[in-house]
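The following exercises are to be worked with the sequence and the three-dimensional structure at hand. Each task is followed by a solution in steps.

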Amino acid sequence: MIYPTSEEALDFKALQLQFPDQYKLVFPDRLAKKTVIIIPSLTFDQEILQKIDGIIYYEERMLCLLMLLRMPHTHVIYVTSMPVHNIIMDYYLHLLPGITSYHAKKRLTMLSCFDPSPKSLTEKILERPRLIERIKKSIPDNHTAHLACFNVTEAERQLAVKLQVPIYGCNPDLLYLGTKSYSKKIFRECNVLTPEGFEDCRTEEHLIQSLVLLKNHLQYNLKMVARNLSYHSYLKKLSLMGGIAEVFLEAQLMAFPSVQCRITPVGEVEIISTHDQVLGGDNGQVFLGASFPADREYAAAIGSRAAQIAIKLQTLGVIGRFGIDFISVKQNGAWIHYASEINLRKGGTTHPYLMLQYLTDGNYNADTGIYTAANGQQCYYFFSDNLQSENYKGLTPHDLIEITIVNNLLYDSSNHEGVMFHMIGALSQYGKMGILCIASSPEKTIELYNKTIAVLEKEKQSGK
């Protein structure tokens, strides 16, 4: 745990107070001279993260932000634990509209810690003062700059102070607002339905007391979602982090939508997108992917509820992107929506939506639940961060790009249709990558996904 000094906390506050003016003057100007420092660190419990195959390659998910280079005077500094292969970089840069890859590369600085250890990327950077100096020197003298992070903790705050640049994200002092316990309190304050339950649980006894009407032998009835997490490890984490006990909702027809929100540095509340999440795993609790937008039957309704919650968070000082998850059940022909949690960070639905927006220059209408590209075309996508098969192991990034081109899967800007891959670095070792299928209808996105699976299986077999 990194604890800020009082001086560091004051420095960070001063940096963040400068950010609204930068946002108002620089962000809207396509020709403004600015630098975005991208730190795709997943600064979470590393013991849990290491149970995810290829977790280090999740740092590649934010490569979608390379699309910022479409602005001709914008510089991007992207830092990773391990170097990203040139073919992966070229894969992204060829999509830039109106900019040659040569021009973009002059304004792109890729830096690496050369460290695959389980520590978070931000911790690795903080341990390398020379790397911090290289980041500083990569910012042109006449540029404004800010940090774009996946999530913001005390570590990212310390890095911001060392770099003397603000962060477009939530102050870590407010992260308690995104805990499961405090989320439920906020939902109640906003008069948004949430599953019945108890928050602020920290001991086995408290959990048993909370669940006594449902189960009497917690240790033998509790199902672990995280792989290889023991009951005693769970209790230890519960005592440190706190948790909730709540009703497990079940119905014949259920959905798991989420809403992505943003609070700008000047206090504007925006509903960016809605998704229908796909959950899987042994207990149906593991996030596998999502379709965009959420079902039109309820997209506007969950957007409206999320806006109520976002307005409350804005009054408490939150800025940046965050997500709100819902559990929706259909009863007597009507959908009932229960808010389940707030994630004060970028999330699994951030990178696919950003990629769609950069590729199509469009926007999502929260009132209609429809996304429209700049040319007036409605766009949809299905994505997954967990496309994985033993059959894909051994496929290199070179192989994947070749297969994509030969089989006409590559995204086509002329009709806003095709496939984009991410986390490509994990493919050869883990047989795993991410996929984004964009098309003009929800049905076509699934057709593209299934076609891609079939092509990969066929090509791998033929390549043996």
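**Exercise 1. The lining of a pocket**

Helix H13 makes the greatest contribution to the lining of the second largest pocket, namely four residues. The model under study is a predicted one.

Task: State the volume of the second largest pocket, identify the residues closest to its centre, and describe its lining by element and by residue class.

Solution.

Step 1. The volume of the second largest pocket is about 850 Å³.

Step 2. The lining comprises 29 residues, and those closest to the centre of the pocket are Phe27, Leu68, Arg262, Arg321 and Tyr358.

Step 3. Two or more lining residues come from each of the following elements: S1 (34-39), S4 (144-149), S9 (269-280), S11 (320-331), H13 (350-360) and S13 (363-365).

Step 4. Sorted by class, the lining holds 15 nonpolar, five polar and nine charged residues.

**Exercise 2. A parallel sheet and its strand S1**

Task: Determine the strand order of the open sheet that contains S1, and establish how S1 is paired and covered.

Solution.

Step 1. The open sheet has four strands in the order S3-S2-S1-S4, and their pairing is parallel. Strand S3 (108-112) and S4 are its edge strands, each of which pairs on one side only. On average, neighbouring strands of this sheet are turned by 15° against each other, direction ignored.

Step 2. Between S1 and S4, six bridges are formed in the parallel sense. Within this pairing, Val36 has His146 of S4 as its bridge partner, and Ile37 has Leu147 of S4.

Step 3. S1 also pairs in the parallel sense with strand S2 (residues 74-80), over five bridges. Here the bridge partner of Ile37 is Ile77 of S2.

Step 4. Six of the six residues of S1 are buried. Lys34, Val36 and Ile38 lie on one side, Thr35, Ile37 and Ile39 lie on the other, and both faces are covered.

**Exercise 3. Two mostly covered helices**

Task: For H7 and H3, list the buried residues and name elements that cover them.

Solution.

Step 1. In helix H7 (residues 154-163), eight of the 10 residues are buried. These are Ala155, Glu156, Arg157, Gln158, Leu159, Ala160, Val161 and Leu163.

Step 2. The cover over the buried residues of H7 includes helix H1 (6-25), S1, helix H5 (121-126), helix H6 (129-137) and S4. Just after H7, Gln164 adopts a positive phi of about 60°.

Step 3. In helix H3 (residues 86-93), six of the eight residues are buried, namely Ile87, Ile88, Met89, Tyr91, Tyr92 and Leu93.

Step 4. The cover over the buried residues of H3 includes helix H4 (101-106), S3, H13, helix H14 (397-406) and strand S16 (418-422).

**Exercise 4. The setting of Lys124**

Task: Is Lys124 buried or exposed, and which residues does Lys124 touch?

Solution.

Step 1. Lys124 is located in helix H5.

Step 2. The relative accessible area of Lys124 is 1%. A residue counts as buried under 20%, and Lys124 is therefore buried.

Step 3. When residues up to four places away in sequence are not counted, Lys124 touches Ile56, Ser81, Cys113, Asp115, Pro116, Ser117 and Lys119.

Step 4. Ile401 is 277 residues from Lys124 along the chain, and the C-alpha atoms of these two residues are separated by 31 Å.

**Exercise 5. The setting of Asn407**

Task: Where is Asn407 found, and which residues does Asn407 touch?

Solution.

Step 1. Asn407 belongs to the loop between H14 and S16.

Step 2. Leaving aside residues up to four places away in sequence, Asn407 touches Lys451, Val455 and Glu459.

Step 3. Asn407 and Ala454 are 47 residues apart in sequence, and their C-alpha atoms are 11 Å apart in space.

**Exercise 6. Strand S15 and its partners**

Task: Explain why S15 is described as largely enclosed, and describe its pairing with S10 and with S17.

Solution.

Step 1. Strand S15 (residues 380-388) has nine residues, seven of which are buried, and S15 is therefore largely enclosed by the rest of the structure.

Step 2. Strand S10 (residues 286-292) pairs with S15 in the antiparallel sense over four bridges. One bridge partner in S15 is Phe382, which is matched with Ser291.

Step 3. S15 and strand S17 (residues 432-439) run antiparallel and are joined by seven bridges. In this pairing, Gln388 stands opposite Lys432 of S17.

Terms used:
Residues are numbered from 1 along each chain as its sequence is written. This is a predicted model: local features need pLDDT of at least 70, side-chain atom pairs count only at pLDDT 80 or more; totals for chains, interfaces and linings use all residues. Side-chain values use heavy atoms; hydrogens and water are left out. On a 1 Å grid over the protein atoms alone, a cavity is a set of points where a 1.4 Å probe fits but cannot get out, and a pocket is an open set with protein on both sides within 12 Å along at least five of seven lines; lining residues have an atom within 4 Å of a point. Grid points are joined across faces, edges and corners, and a volume is the space filled by probe spheres set on the points. Ala, Val, Leu, Ile, Met, Phe, Trp, Tyr, Cys and Pro count as nonpolar, Asp, Glu, Lys and Arg as charged, and the others, Gly among them, as polar. Buried means under 20% relative accessible area, exposed over 50%, partly exposed in between (1.4 Å probe, protein chains only). Contact means heavy atoms within 4.5 Å. Two strands pair if DSSP finds at least two bridges between them. Axes are lines fitted to C-alpha atoms, for helices over the stretch in contact, and angles run from 0 to 180 degrees between N-to-C directions.
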